Amino acid sequence: MYLLFTKNNMLGYLNKPEKKLIGSLKDGQDRKLKILLVGAEVSPYASVGGFAMVLAYLSRALVRMGHDARLFIPKFGFIDEEKYGLEMVCEGLEVPTNDETLPNLICNVKAAKDLAGVTTYFLENQEYYEKRANVYGYSDDPTRWALLSRGALEFIKICGDFVPNIIHCNDWHTGIVGNYLKTVYKEDKVLSKISSVFTMHNLRFQGNFDHRYVSELDFDDGKSSIESFFSPRLNTQNFMKRGILYSDAVNTVSKTYSREILTPDFGEGLDKLLLEVKSKLFGIVNGLDYDEFNPQTDNLIEQNYSLRNVGLRKLNKTALQKEYDLPVSDNTLLLGFVGRLDMQKGVDLIVQTLYHVLTDYDVQFVQVGGGEGALVDMLNHLKSTFPNKVGIHPYPNFTLPRLLFSGSDCILYPSRFEPCGIVQIEAMRYGAAPIVRKVGGLADTVENFDSSKGTGNGFVFTDFNEFSLFGQLVRAVELYKNKKLWHKLMQNAMKSDFSWEYSAKEYVRLYERAISFKSKKGYKSRSIEAALF
Ligand code: GLC
């Protein structure tokens with residue numbers, strides 16, 4: 001008998017000790033909701049980070065459940081209007097800027113419906129989106145995101161195409177939507193009825209500044225009104241903090257991260273505020289689209305396979321070793337890393353630890369993903385030290401990650417912090433055992449393999465240091481020699497269930513919770529007051 005890891009039982013366990021700490025969700029009513037998800041990026045139109053996928057798949061899962069979920073993002077210049085069939089739904093929308101010299105920015109809203117039945121609205125503005133080659137990285141980003149936030153609200157108010165029950169905002173870029181709703185639009189007859197949910201995908205980024213080094217003069221307590229679009233002071237307003245303060249309900253992308261951020265180590269300076277509002281703070285782990293990520297049908301991999309014929313997987317391992325010009329050997333444990341080269345992800349720890357492992361063990365390491373220059377240098381040095389054991393591709397790539405998931409034996413993910421992490425879930429779906437640090441969403445999705453019981457879907461260590469990671473790497477090397485146990489581990493990983501259906505249901509309960517929080521007027525103001533003063 002195989003043990004099935006479902007989110008239900010893993011999170012069920014995790015729910016128990018935290019009930020008093022963080023608000024717990026009860027079953028919502030079974031009504032159909034209208035939800036507008038607002039964010040800087042949504043796959044496939046614009047896809048830079050993990051949350052572009054989250055918004056795309058969550059909205060699809062909500063539509064499958066019968067809800068009317070729609071998306072609202074900027075119309076970047078690189079979005080192909082013809083390919084996606086964009087149509088004008090609101091021309092000449094005037095978005096107030098609160099600036100006397102230029103009181104309104106003129107925008108259009110276009111819309112497209114995808115094959116899954118999800119409508120996406122695109123806020124069009126030449127200056128702030130159309131002419132920009134990238135999604136992020138401009139000095140006037142706060143203006144661009146204030147425009148998106150207020151643009152979404154004005155669109156609902158003026159155009160009448162879609163009036164949602166819930167606006168679901170994501171990360172700091174749209175953090176001030178809740179702030180606008182509770183101040184500027186609090187008497188508006190359409191907008192005042194809408195509840196807001198704010199999801200924090202990563203607390204590290206709170207605005208267009210580094211909150212860790214903000215001067216006292218620039219400190220934003222969240223009480224002041226939102227600055228005009230063109231005021232330099234908009235740059236120092238903490239959109240993330242305001243999202244937490246003013247939204248009706250707030251969540252992060254895993255239960256463990258939602259508890260971790262209540263401590264100074266993970267709270268990024270917002271831990272005290274989060275403790276104040278913890279009764280409206282929840283954690284919902286991200287899911288995976290099990291149709292798109294399916295080793296049985298995936299045409300980006302060399303050889304399709306499933307749980308029943310997982311032996312075929314080794315053809316992908318061979319293809320991967322050839323791709324990276326490494327000796328082809330099934331007996332060698334092949335480790336992979338997929339993702340941004342970022343200190344958050346512990347890439348430095350991987351490289352430092354591998355120096356010890358690669359010298360003495362029959363192990364290979366391959367990597368794909370671009371990022372920080374110093375980490376690229378570290379990888380280059382590792383490659384030059386072990387040319388026959390290391391393969392690197394320090395640039396983003398669309399297809400290689402799938403080959404790594406389907407051909408590696410293990411995927412490394414030793415993050416310093418990890419709100420959710422999607423790579424470990426993708427890896428498990430393809431039968432690569434994740435080696436993770438017990439933080440955030442990694443702790444919620446990966447359980448240490450116990451060879452005496454045959455339980456667990458990966459390798460887990462606690463402390464962020466070379467010894468701890470080394471220990472799990474050696475465990476993996478030894479376990480790999482026992483084909484039967486390794487097979488069991490692979491099956492456990494592939495049977496883990498993190499499909500979006502479960503998480504989408506949790507979001508619906510969160511939306512219902514936000515609606516009831518908003519209707520209890522006393523609660524709303526008490527919670528903001530408590531946090532502010
Ligand atoms: C951010 C987080 C990551 C999470 C993703 C989607 O990129 O760092 O852990 O999976 O958002 O929520």
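# A tour of helix α2, the ligand and two loop residues

Begin with the packing around helix α2: its buried residues pack against β1 (34–38), β2 (68–74), β6 (166–170) and α19 (500–519). Keep in mind throughout that this is a predicted model.

**Stop 1: helix α2.** Select residues 50–64 to show the whole of α2, 15 residues in all. From first C-alpha to last, α2 reaches 22 Å, close to the 21 Å expected at 1.5 Å a residue. Is α2 largely enclosed or open? Eleven of its 15 residues are buried, so α2 is largely enclosed by the rest of the structure. Now colour the buried positions. Among them are Phe-51, Val-54, Leu-55, Tyr-57, Leu-58 and Leu-62. Ser-59 and Arg-60 are also on the buried list, as are Ala-52, Ala-56 and Ala-61. Then step past the end of the helix. Gly-66 follows α2, and its phi is positive, near 100°.

**Stop 2: the ligand.** Select the ligand and show what surrounds it. The shell holds 13 residues, and the closest are His-201, Asn-286, Glu-418, Cys-420 and Gly-421. By class, the shell has six nonpolar, six polar and one charged residues. Next, look at the oxygen atoms of the ligand. One is 2.7 Å from an N or O atom in the side chain of His-201. For Gly-421, the partner is a backbone N or O atom, 2.8 Å from a ligand oxygen. In the side chain of Gln-344, an N or O atom is 3.3 Å from an oxygen of the ligand. How much of the ligand does the protein bury? Taken alone, the ligand exposes 310 Å², and the protein buries 92% of that.

**Stop 3: Glu-268.** Go to the loop between α9 (264–267) and α10 (271–276), where Glu-268 lies. Its relative accessibility is 13%, under the 20% cut-off, so Glu-268 counts as buried. Show its side chain together with that of His-211: the two make a polar contact at 2.9 Å. Widen the selection to contacts beyond four places in sequence. Glu-268 is in contact with Leu-203, Arg-204, Gln-206, His-211 and Arg-212.

**Stop 4: Ser-415.** Move to the loop between β13 (410–413) and α15 (423–429) to find Ser-415. At 0% relative accessibility, Ser-415 counts as buried. Leave out residues up to four places away in sequence, and Ser-415 touches Gln-344, Lys-345, Gly-346, Arg-437, Val-439, Leu-442 and Phe-464. Gln-344 has appeared before on this tour: its side chain has an N or O atom 3.3 Å from a ligand oxygen.

Key
Residues are numbered from 1 along each chain as its sequence is written. This is a predicted model: local features need pLDDT of at least 70, side-chain atom pairs count only at pLDDT 80 or more; totals for chains, interfaces and linings use all residues. Side-chain values use heavy atoms; hydrogens and water are left out. Helices (H or I, at least four residues) and strands (E, at least two) are DSSP runs, numbered from the N terminus. The expected span of a helix is 1.5 Å times one less than its number of residues. Buried means under 20% relative accessible area, exposed over 50%, partly exposed in between (1.4 Å probe, protein chains only). Contact means heavy atoms within 4.5 Å. A residue is near a molecule or strand if one of its heavy atoms lies within 4 Å of it. A polar contact is a pair of N or O atoms within 3.5 Å; within protein, one must be able to donate a hydrogen and the other to accept it, and residues adjacent in sequence count only if both atoms are side-chain atoms. Accessible areas come from the Shrake-Rupley method with a 1.4 Å probe; for residues, only the protein chains shown count as cover. Ala, Val, Leu, Ile, Met, Phe, Trp, Tyr, Cys and Pro count as nonpolar, Asp, Glu, Lys and Arg as charged, and the others, Gly among them, as polar.
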